[in-house]
Amino acid sequence: MKEQKTGFNEAKKEKIGGKTFIKNPILGTKFTIAISSAKGGVGKSTFATNIALALKKIGCKVGILDADIYGPSLPKLFSINQKPESDGKTLTPINKYDIQCMSIGFLTEEQTPMIWRGPMVTSAIKTFTQKVKWNNLDFIIVDMPPGTGDTQLTFSQEIKMDGVIIVSTPQELALQDVRRGIKMFDKLGVKIIGLVDNMSHFVGDDKKKYHIFGEGGVKKTAEEFNKSFLGEIPINTEVGKQGDMGKPIVESKPEHPISKIYLTLANEIKKKYF
Ligand SMILES: Nc1ncnc2c1ncn2[C@@H]1O[C@H](COP(=O)(O)OP(=O)(O)OP(=O)(O)O)[C@@H](O)[C@H]1O
Ligand SMILES: [Mg+2]
């Protein structure tokens with residue numbers, strides 16, 4: 001079944017735990033999809049950038065909002081060194097690889113640590129969702145920080161989120177955090193599109209699959225919570241290499257088997273909404 005099409009800029013009223021929340025859309029966007037996982041370092045930012053590029057390749061207008069205020073990745077992954085233009089009231093996203101991009105990292109020096117309190121993070125998110133001139137986007141992909149903190153809470157309670165994709169690696173330690181993440185989004189009434197098993201296995205030169213971090217854990221977790229399992233993305237050194245060089249694999253090597261996995265996933269996501 002297709003998701004309900006809410007169109008541009010329509011607020012949604014929702015009752016969660018007896019409280020009513022007005023969830024506002026991100027202006028200038030149709031569908032907001034967050035990439036999350038309560039665990040750090042599982043490949044959320046890598047997934048967010050590559051899925052955004054894959055959605056673009058199949059004809060969607062796409063933006064990426066890097067919501068990781070303490071550890072932004074988008075400047076590095078997209079090799080963006082410029083500051084966004086501002087008229088004093090609004091910020092214009094930076095266009096790279098035909099994707100509209102915004103990150104706190106565009107506004108600070110690379111080596112400067114963000115030492116902010118929770119309310120400041122919330123206020124930065126409000127700026128990025130309400131004061132950025134996102135232009136006519138089909139999808140905005142939100143790259144979430146690790147954890148279940150202020151950022152996840154602000155997005156879930158105040159922004160019209162059309163879905164979350166949970167990225168995890170197959171280790172039990174990661175899955176423990178993922179379960180916490182699933183429960184949080186369920187409780188906050190945010191639809192979980194499904195789970196992705198990233199770095200699921202390694203394919204050796206002998207073409208054999210090596211399940212370095214264990215096998216099937218993400219799929220089992222999806223089943224445990226009655227969520228969809230979206231698929232596996234193997235470990236591949238090209239993924240990290242291309243990301244480090246500022247041009248993710250889907251953009252730099254569209255014919256690579258990993259890029260093809262992303263394109264298949266992007267088609268599935270597009271079908272759900274259009
Ligand atoms: N499929 C993959 N194959 C090989 N390396 C990968 C793969 N996916 C991610 N990586 C690498 O894993 C590391 C962590 O990825 P990434 O920064 O995307 O994780 P994250 O979940 O966003 O981290 P954080 O929680 O810090 O935001 C990076 O070096 C990235 O290149
Ligand atoms: Mg990240």
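Is Phe274 buried, partly exposed or exposed? Phe274 comes out at 30% relative accessibility, so we call it partly exposed. Keep in mind that this whole thing is a predicted model.

Okay, why start there? Let's look at the partner. Phe274 pairs with Phe31, and the pair is edge-to-face, with 5.4 Å between the centres and 85° between the planes. Phe31 sits in strand β3, residues 29-36, while Phe274 is in the segment after α9, so this pair ties together parts that are 243 residues apart in sequence. And Phe31, unlike its partner, counts as buried, because its relative accessibility is 2%, and the cut-off for buried is under 20%. Those two rings also have company: Phe31, Phe139, Tyr273 and Phe274 make up one aromatic cluster.

If you search the whole structure, you get 7 aromatic pairs. Another one I'd like to show you is Phe47 with Tyr262. That pair is tilted, at 5.5 Å centre to centre and 50° between the planes. Here Phe47 comes from helix α1 and Tyr262 from helix α9, so the contact links parts 215 residues apart in sequence. Phe47 has a relative accessible area of 1%, so that's buried, and Tyr262 is buried too, also with 1%.

Now, Phe47 comes up again in the core. The largest nonpolar core has 77 residues, and Phe47 and Phe155 are the ones with the most contacts inside it. Which helix gives the largest share of that core? That's helix α1, residues 44-57, with 7 residues.

What does Phe155 touch, once you set aside neighbours within four places in sequence? The list is Ile26, Leu65, Ala67, Ile125, Thr129, Val142, Met144 and Met161.

Next, Ser156. Ser156 is in helix α4, residues 150-158. Its relative accessible area is 0%, so Ser156 is buried. So where does the side chain of Ser156 reach? To the backbone oxygen of Gln152, at 2.7 Å. Leaving out residues up to four places away, Ser156 also touches Lys23, Met161, Phe185, Leu188 and Val190. You'll remember Met161 from a moment ago, on the Phe155 list.

On to the ligand. There are 17 residues around ligand 1, and the closest are Gly41, Lys44, Ser45, Thr46 and Pro234. What about polar atoms? The side chain of Thr46 has an N or O atom 2.6 Å from an oxygen of ligand 1. There's also a polar backbone atom of Gly43 that is 3.0 Å from a ligand oxygen. Over at Asn236, a backbone N or O atom is 3.0 Å from a nitrogen of the ligand. How much of ligand 1 does the protein cover? On its own the ligand has 640 Å² of accessible area, and the protein covers 75% of that.

Last one, for contrast with all those buried side chains: Asn226. You'll find Asn226 in the loop between α6, residues 217-224, and β11, residues 229-235. With 71% relative accessible area, Asn226 is exposed, since the cut-off for that is over 50%. If you want a landmark, take Gly194: the C-alpha atoms of Asn226 and Gly194 are 9.5 Å apart, and the two residues are 32 apart along the chain.

That's my tour. Happy to rotate the view for anyone who wants another look.

Methods:
Residues numbered from 1 in each chain as written. Chains lettered and ligands numbered in written order. Predicted model: local features only at pLDDT ≥ 70, side-chain atom pairs only at ≥ 80, totals over all residues. Heavy atoms only, no water. Core = buried A, V, L, I, M, F, W, Y, C linked by side-chain atoms within 4.5 Å. Buried < 20%, exposed > 50% of the residue type's maximum accessible area, 1.4 Å probe, protein only. Helix = DSSP H or I, 4+ residues; strand = E, 2+ residues; numbered from the N terminus. Contact = heavy atoms within 4.5 Å. Near = heavy atom within 4 Å. Polar contact = N/O pair within 3.5 Å; in protein donor to acceptor, adjacent residues only side chain to side chain. Areas by Shrake-Rupley, 256 points an atom, 1.4 Å probe, with all protein chains shown as cover. Phe/Tyr/Trp six-rings, centres within 6.5 Å; stacked < 30°, edge-to-face > 60°.
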